[in-house]
Amino acid sequence: MAVRSSRRAARLLFAALAASAAPVALIPSVAQEYVGVFAEPESPTDPAPAPVETHAWPTGPEVTRGTFYDGGETPLELQPHRLGAFDTANTLPEGTLSLYVGQKQTFDARTGTGNQAYFGGGRYAPTDRLTLGFDFWSYVDPVVAPIGGGYPHVKMEPMAVSAEYRLFERGALAGSVLGSLEGYNRLNSSLYGGKATGQFVGALKAPFTLDMSSRFQFHLTPAVSVFPDSVNGQPFYGTIASLGGGVSYKPSRRLSFYGAVEVPFGPGGNTIDGSGNYVNVPVWTVGGRYNVSPKVALDAFVTNSVGMTPATGILTIFPDGDTPLLGVQLTFTPGASYPESYRGRPAELTARQENLQHDGFTLGSPGVLDPLTFAPLAWYGGGENYGFGTSVGISRDFGADIYYERYSLDPSVDPALRPTNEPRYMFGPKLRFLDQNNGDPFNLSARLLFGRSSSLVGVYSLEGMASYDVNDRLTVSANPRLAGFGNVDLFALGGGVNYELFDGLEVIAEASAVFGDSDQATWAAGLRYNAPNSGISVDVSATNAIGRYGIGTLVAQDDPRFSIGVSKSFSLR
């Protein structure tokens with residue numbers, strides 16, 4: 001078990017760090033810095049405005065087309081506002097709206113995909129000095145290790161509203177005050193005497209931030225979080241005073257690293273030990289951020305904190321607070337005034353390039369749909385495999401997928417490799433790092449899908465999607481994939497070919513070598529017809545994979561099965 005735990009920890013950590021930082025080191029063009037973006041002239045005779053001046057970040061080729069932004073940096077190109085759940089004195093620029101969503105995940109799993117805390121929220125800055133926030137997170141799982149000899153189930157869903165006001169900024173030193181009011185939407189566990197309602201908590205913090213240089217900051221945050229002393233007659237966290245320190249380092253506009261430690265000193269306790277007593281242990285976070293675009297950032301961090309609101313960030317995973325969690329967070333700052341990409345205004349897509357945005361039969365496409373474009377898809381195949389869902393474009397290099405699928409029930413499949421016989425939902429983000437159509441050497445994206453069935457069996461999959469357009473008709477692709485649930489881990493290295501026979505008719509062939517808890521390769525081949533100027537596509541395929549998405553593309557059955565799919569793309573713009 002220790003070997004499998006270490007193996008899974010290494011895989012998850014590598015996957016998160018690779019998704020967030022590796023593109024910077026691997027591809028020189030993706031590390032280009034945004035220097036200045038020009039407004040389009042109001043008429044053919046009007047001169048374009050002068051480029052935006054920026055300070056001493058490393059620079060690359062100038063971007064000469066795009067949406068005009070009159071500030072030197074977008075909000076995501078500044079020092080981070082929060083380091084995981086650790087609050088700093090960095091307030092957001094006036095008018096900024098920042099939305100985030102993410103998950104914390106244990107490295108090991110007794111069942112399903114292990115223990116998770118899902119979280120989300122946002123920040124809005126009506127002025128440079130005031131930042132308003134809302135946060136929520138949800139933990140619905142057993143504890144990670146025995147408490148009192150058992151694994152009690154915990155349902156904990158806090159929601160919070162907060163405000164941070166910058167009191168002063170004198171030279172390199174800034175100070176602010178932050179307060180939050182929070183309530184539990186759900187709180188239910190035998191640890192707390194069953195279901196509890198009407199429980200309110202709050203926090204008061206006084207963060208200080210010191211600029212040690214233009215790229216390095218030191219943070220000090222004294223805080224107090226107030227919880228009830230008891231719930232349903234059972235002890236609860238009580239009042240927790242703490243002192244935290246952190247550092248953040250930003251070597252470029254697109255990359256930053258950070259770490260923080262908070263030390264609680266009572267009188268309450270910020271975790272439960274194996275005997276059910278409330279005790280205090282330090283809370284730590286180490287991570288980094290990579291800006292996929294000026295509007296979209298991906299964080300990867302490791303922490304022992306389970307909470308994400310201002311008050312609950314001091315709470316650790318139970319029991320004992322000695323279990324690390326891997327956190328992944330996606331942050332999006334909508335707003336037409338920010339540049340959409342580090343590559344400037346996109347070139348117009350040809351019909352062929354639009355068709356290549358569709359996923360294959362087992363391999364995903366690195367294409368990202370234009371903002372507010374949807375591509376609903378439905379399919380049915382042998383073994384009673386069926387599914388439906390959609391891809392959606394949110395920003396230039398940022399999209400999302402959500403699908404509902406039942407995998408093939410073919411009896412030749414090892415039951416240990418099929419997560420469940422029930423249908424399951426899958427959803428997650430898609431991020432594009434390279435775009436051949438706009439000057440990069442090839443196309444590169446990554447997609448992360450999480451899902452559950454009605455019996456709450458969780459499955460994850462991470463897919464890297466790379467392709468190269470050899471010419472106007474031939475595209476080759478390579479797709480490394482990682483998927484798993486419970487104690488099952490599967491890896492695959494897939495390759496594919498898409499060739500357009502004539503306008504709209506494509507022949508697609510895919511194959512994947514599979515490793516880990518199965519070594520049976522998967523393959524798919526078929527035809528797809530994209531009706532011109534309609535957004536409609538129809539495909540027929542044969543495959544030995546039990547599914548079209550997620551871990552189903554890595555699990556093979558003995559005999560081929562056939563499938564038909566229909567898709568319709570449309571835009572709300």
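Asn232 sits in the loop between strand E12 (230-231) and strand E13 (234-235); strands here, like helices, are DSSP runs numbered from the N terminus, with at least two residues for a strand (E) and at least four for a helix (H or I). This is a predicted model, in which local features need pLDDT of at least 70 and side-chain atom pairs count only at pLDDT 80 or more, while totals for chains, interfaces and linings use all residues. Residues are numbered from 1 along each chain as its sequence is written, and side-chain values use heavy atoms, with hydrogens and water left out.

Let us stay with Asn232 for a moment. Its phi is positive, near 55°, and the residue is not a glycine. Most residues other than glycine have a negative phi, and most peptide bonds are trans. Asn232 counts as partly exposed because its relative accessibility is 43%; buried means under 20% relative accessible area, exposed over 50%, and partly exposed in between, with a 1.4 Å probe and protein chains only.

Asp320 also has a positive phi, of about 75°, although it is not a glycine. You will find Asp320 in the loop between E19 and E20, and with a relative accessible area of 32% this residue is partly exposed. Pro319 is found in the loop between strand E19 (296-303) and strand E20 (325-332), and the peptide bond that leads from Phe318 to Pro319 is cis, with omega near 0°. Another cis peptide bond joins Gly266 and Pro267, with omega about 10°. Pro267 has its place in strand E15 (residues 255-267).

Next come the aromatic rings. A pair of aromatic rings is described by the distance of the centres and the angle of the planes. Rings of Phe, Tyr and Trp (its six-membered ring) pair if their centres lie within 6.5 Å; planes under 30 degrees apart count as stacked, over 60 as edge-to-face and the rest as tilted. A search of the whole structure finds 17 such pairs. In one of them, the centres of Tyr192 and Phe236 are 5.3 Å apart and the planes stand at 85°, so this pair is edge-to-face. Tyr192 lies in the loop between strand E7 (173-189) and strand E8 (194-195), and Phe236 in the loop between E13 and strand E14 (239-252), so the pair ties together parts that are 44 residues apart in sequence. Both Tyr192 and Phe236 are buried. These two residues belong to one aromatic cluster with Tyr184, Phe227, Tyr237 and Tyr278.

Finally, look at strand E30 (residues 522-530). In a regular strand the side chains alternate between the two faces of the sheet. Along E30, Thr522, Ala524, Gly526, Arg528 and Asn530 point to one face and are buried, whereas Trp523, Ala525, Leu527 and Tyr529 point to the other and are not. Two strands pair if DSSP finds at least two bridges between them. Strand E29 (residues 505-516) runs antiparallel to E30, joined by eight bridges, and Ala509 stands opposite Ala525 in E30. A hairpin through five residues connects E29 to E30. E30 also pairs in the antiparallel sense with strand E31 (residues 536-545), over seven bridges; here Leu527 stands opposite Val540 in E31. E30 and E31 form a hairpin with five residues between them, and Asn533 in the turn has a positive phi of about 55°.
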